[in-house]
Amino acid sequence: MAKNIALVDSESELYEIVKEIAADVGMFWQHFKEYAQLFDVNEIEVSRGASVKKVDNRKANSDKSDFEILLANIVDK
């Protein structure tokens with residue numbers, strides 16, 4: 001459910017509700033059952049008919065990154 005809430009953008013009907021949750025998390029827990037139904041993927045109207053696909057949102061790419069390996073840290077006095 002947390003991922004579904006995190007995916008709501010400013011154009012969604014649920015955006016105002018997400019802002020309410022952010023402003024008062026206690027309210028979220030008091031009305032958890034209602035919020036759970038609202039943010040259930042099968043209940044969200046916008047998701048009907050849409051295909052859900054797993055997206056890799058990692059930023060780092062080892063092929064395009066430069067890195068150095070430190071094998072030892074020796075100080076000679």
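Before we look at any residue, let me say that buried means under 20% relative accessible area, exposed means over 50%, and partly exposed is what lies in between, with a 1.4 Å probe and only the protein chains counted. What we have here is a predicted model, in which local features need a pLDDT of at least 70 and side-chain atom pairs count only at pLDDT 80 or more, while totals for chains, interfaces and linings use all residues. Residues are numbered from 1 along each chain as its sequence is written, and side-chain values use heavy atoms, with hydrogens and water left out.

Let me begin with the overall picture. The protein has four helices and zero strands, where helices (H or I, at least four residues) and strands (E, at least two) are DSSP runs numbered from the N terminus. Read from that end, the order of elements is therefore simply α-α-α-α. Of its 77 residues, 16% count as buried. The exposed area comes to about 7,500 Å², and carbon and sulfur atoms supply 52% of it; such accessible areas come from the Shrake-Rupley method with a 1.4 Å probe, and for residues only the protein chains shown count as cover. If we take contact to mean heavy atoms within 4.5 Å, then among the contacts with a separation of 6 or more, 38% are between residues 24 or more positions apart.

Now to the interior. Which residues make up the largest nonpolar core? There are nine of them, namely Ile5, Val8, Leu14, Ile17, Val18, Ile21, Phe28, Tyr35 and Phe39. Helix α2, residues 15–23, gives the largest share of this core, with three residues. By a nonpolar core I mean a set of buried Ala, Val, Leu, Ile, Met, Phe, Trp, Tyr and Cys residues joined through side-chain atoms within 4.5 Å. In soluble globular proteins, nonpolar side chains tend to be buried together.

Val8 is a useful member of the core to follow, for, leaving aside its neighbours within four places in sequence, Val8 touches Leu14, Tyr15, Val18 and Phe39. Tyr15 lies in helix α2 and is partly exposed, at 29% relative accessible area. With the same kind of neighbours left aside, Tyr15 is in contact with Val8, Asp9 and Ser10, and its C-alpha atom is 8.9 Å from that of Ile5, ten residues away along the chain.

Helix α2 also holds a salt bridge, that is, a side-chain nitrogen of Lys or Arg within 4 Å of a carboxyl oxygen of Asp or Glu. Under this rule the count is one, and the partners are Glu16 and Lys19, whose closest N and O atoms are 3.5 Å apart. Because they stand three residues apart in helix α2, about one helical turn separates Glu16 from Lys19. Glu16 is partly exposed at 46%, and Lys19 is partly exposed at 40%.

Next come the aromatic rings. Rings of Phe, Tyr and Trp (for Trp, the six-membered ring) pair if their centres lie within 6.5 Å, and planes under 30 degrees apart count as stacked, over 60 as edge-to-face and the rest as tilted. The whole structure has four such pairs. One of them joins Phe28 and Trp29, edge-to-face, at 5.0 Å centre to centre and 75° between the planes. Phe28 and Phe32 have ring centres 5.6 Å apart and planes at 85°, so this pair is edge-to-face. Phe28, Trp29, Phe32 and Tyr35 form one aromatic cluster.

Is each of these rings buried or exposed? Phe28 is buried at 9%, whereas Trp29 is exposed at 56%, and Phe32 is partly exposed at 35%.

Finally, the surface. Met1, Val25, Trp29 and Phe32 make a nonpolar patch of about 400 Å². Patches are made of residues with over 30% relative accessible area and no salt bridge, like charges being joined within 9 Å and nonpolar side chains (Val, Leu, Ile, Met, Phe, Trp, Tyr) within 5 Å. Met1, in the segment before α1 (2–6), is partly exposed at 34%.
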